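Hi,

Here is the structure I promised to send over. Have a look at it first, and then read on for my notes.

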Amino acid sequence: MTENVFDEWDELTGDYKELEATNKIYQVRLEELDEYQRKCQKSITHQRYRMGIITKSLVKLKKTG
């Protein structure tokens with residue numbers, strides 16, 4: 001019985017180490033995802049700005065034409 005408890009403990013320890021490694025990978029990927037999300041948001045904001053400029057130019061062009 002005692003041997004079984006130690007075997008279980010060893011298995012649990014191995015599972016915990018695997019969980020730690022998986023969690024580290026998860027954190028790295030989450031940081032990467034956050035960085036990509038910020039880049040996309042910045043690009044979208046810039047595109048909206050540029051579309052606004054084009055829209056204003058088209059409105060002016062329509063008024064003069």
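Below is what turned up, starting with the overall shape and then going through the charges, the patches and a few single residues.

First, a caution: this is a predicted model, so please read everything here in that light.

**Overall shape**

The fold is quick to describe: the chain has one helix and zero strands. The radius of gyration is 28 Å, while the globule rule gives 11 Å for 65 residues, so the chain is more spread out than a compact globule. You can see that in the C-alpha trace too, which spans about 95 × 15 × 5 Å along its principal axes. Helix 1 itself covers residues 2-64.

How much of the chain is made up of buried residues? The figure is 0% of the 65 residues, where buried means under 20% relative accessible area. In total, the chain exposes about 6,900 Å², and carbon and sulfur atoms supply 59% of that area.

Two pairs of residues give a feel for distances along the chain. Lys60 and Cys40 are 20 residues apart along the chain, and 30 Å separates their C-alpha atoms. For Arg50 and Arg29, the gap is 21 residues in sequence and 31 Å in space, again from C-alpha to C-alpha.

**Charges**

There are 12 positive and 12 negative side chains, but the centres of the two sets lie 36 Å apart. On the negative side, one surface patch is formed by Glu3, Asp7, Glu8, Asp10, Glu11, Asp15 and Glu18. If you want one of these to click on, try Asp15: this residue sits in helix 1 and is partly exposed, with a relative accessible area of 43%.

How many salt bridges does the structure hold? Just one salt bridge is present, and it joins the side chains of Arg38 and Asp34, at 2.7 Å from N to O. Arg38 and Asp34 are four residues apart in helix 1, so about one helical turn separates them. Both partners come out as partly exposed: Arg38 has a relative accessible area of 49%, and Asp34 has a relative accessibility of 35%.

Two of the positive residues named earlier are worth a second look. Lys60 is in helix 1 and counts as exposed, because its relative accessible area is 61% and exposed means over 50%. Arg50 is also found in helix 1, but this residue is partly exposed, at 44% relative accessible area.

**A nonpolar patch**

Which residues make the nonpolar surface patch of about 330 Å²? They are Tyr26, Leu30 and Leu33. Leu33 belongs to helix 1 and is exposed, with a relative accessible area of 54%.

**Where to start**

If you only have a few minutes, I'd look at the spread-out chain with its one helix, then find the salt bridge between Arg38 and Asp34. After that, compare the negative patch that includes Glu3 and Glu18 with the nonpolar patch of Tyr26, Leu30 and Leu33.

Shout if anything is unclear.

Cheers

Definitions and conventions
Residues are numbered from 1 along each chain as its sequence is written. This is a predicted model: local features need pLDDT of at least 70, side-chain atom pairs count only at pLDDT 80 or more; totals for chains, interfaces and linings use all residues. Side-chain values use heavy atoms; hydrogens and water are left out. Patches are made of residues with over 30% relative accessible area and no salt bridge: like charges are joined within 9 Å, nonpolar side chains (Val, Leu, Ile, Met, Phe, Trp, Tyr) within 5 Å. Accessible areas come from the Shrake-Rupley method with a 1.4 Å probe; for residues, only the protein chains shown count as cover. A salt bridge is a side-chain nitrogen of Lys or Arg within 4 Å of a carboxyl oxygen of Asp or Glu. Lys and Arg count as positive and Asp and Glu as negative; His and the chain ends are not counted. The place of a charge is taken as NZ of Lys, CZ of Arg, CG of Asp or CD of Glu. Helices (H or I, at least four residues) and strands (E, at least two) are DSSP runs, numbered from the N terminus. Buried means under 20% relative accessible area, exposed over 50%, partly exposed in between (1.4 Å probe, protein chains only). The radius of gyration is taken over C-alpha atoms; the globule rule is 2.2 Å times the number of residues to the power 0.38.
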